[in-house]
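Student: I am looking at this protein for the first time and would be grateful for a slow, careful reading of one part of it, with the surroundings described as well.

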Amino acid sequence: MRLFSQNAKVEALKRAPLFEGLSRKELTQLARVSEDMEIPAGTALCKEGEIGHEFFVIIDGNVEITRKGRKVAM
């Protein structure tokens with residue numbers, strides 16, 4: 001299901017430091033292969049100590065980062 005326009009995805013990817021060196025064309029290609037997701041509040045996107053297989057760019061909403069059970073960032 002498409003939640004965001006390609007342009008919104010490109011703009012969000014452009015703000016991610018990991019992708020700062022990519023051209024607009026490269027960002028557009030990345031946006032095309034990315035998946036839109038709506039995640040319910042309280043869902044863990046990844047867990048400390050586990051190997052991750054995704055990269056998340058939060059377009060709308062907030063995320064809480066914890067380390068050893070303590071909140072370290074929002």
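In what order do the elements of the protein chain run from the N terminus on? After that, please look closely at helix 2 and what surrounds it.

Tutor: From the N terminus on, the order is α-α-β-β, made up of 2 helices and 2 strands; here helices (H or I, at least four residues) and strands (E, at least two) are DSSP runs, numbered from the N terminus. What you see is a predicted model, in which local features need pLDDT of at least 70 and side-chain atom pairs count only at pLDDT 80 or more, while totals for chains, interfaces and linings use all residues. Residues are numbered from 1 along each chain as its sequence is written, and side-chain values use heavy atoms, with hydrogens and water left out.

For the overall setting, the C-alpha atoms of the protein chain fill a box of roughly 40 × 30 × 20 Å along the principal axes. Of the 74 residues in the protein chain, 14% are buried, where buried means under 20% relative accessible area, exposed means over 50%, and partly exposed lies in between, with a 1.4 Å probe and protein chains only.

Helix 2 covers residues 24–33, and Leu 27, Thr 28 and Ala 31 are its buried residues. Seen down the axis of helix 2, these buried residues fall within an arc of 100 degrees, so they line one face of the helix; the arc is that of the directions from the helix axis to the C-beta atoms. On the face of helix 2 turned away from this buried side sit the exposed residues Lys 25, Arg 32 and Val 33. The buried residues of helix 2 pack against helix 1, where contact means heavy atoms within 4.5 Å.

Thr 28, in helix 2, shows this arrangement at the level of one residue. Its relative accessibility is 14%, and therefore Thr 28 counts as buried. A polar atom of the side chain of Thr 28 lies 2.9 Å from the backbone oxygen of Arg 24; a polar contact is a pair of N or O atoms within 3.5 Å, and within protein one must be able to donate a hydrogen and the other to accept it, while residues adjacent in sequence count only if both atoms are side-chain atoms. Not counting residues up to four places away in sequence, Thr 28 touches Gln 6 and Val 10.

From the other side, Lys 9 lies in helix 1, which spans residues 6–15. Is Lys 9 buried or exposed? Lys 9 is buried, because its relative accessible area is 12%. A polar atom of the Lys 9 side chain lies 3.1 Å from the backbone oxygen of Ala 31, and the side chains of Lys 9 and Asp 36 are joined by a polar contact of 2.8 Å. Leaving aside its neighbours within four places in sequence, Lys 9 is in contact with Phe 4, Ala 31, Ser 34, Asp 36 and Ile 59.

The loop between helix 1 and helix 2 holds Pro 17, which is exposed, with a relative accessible area of 64%. The C-alpha atoms of Pro 17 and Gln 29 are separated by 17 Å, and these two residues are 12 apart along the chain.

After helix 2, the loop between helix 2 and strand 1 holds Phe 56. At 29% relative accessibility, Phe 56 counts as partly exposed, and, not counting residues up to four places away in sequence, Phe 56 touches Met 37 and Leu 45. Phe 56 and Cys 46 are 10 residues apart in sequence and 9.8 Å apart in space, C-alpha to C-alpha.

Farther along, the loop between strand 1 (65–67) and strand 2 (70–73) is the place of Lys 68. Although Lys 68 is not a glycine, it has a positive phi of about 55 degrees, and Lys 68 is exposed, with a relative accessible area of 73%.
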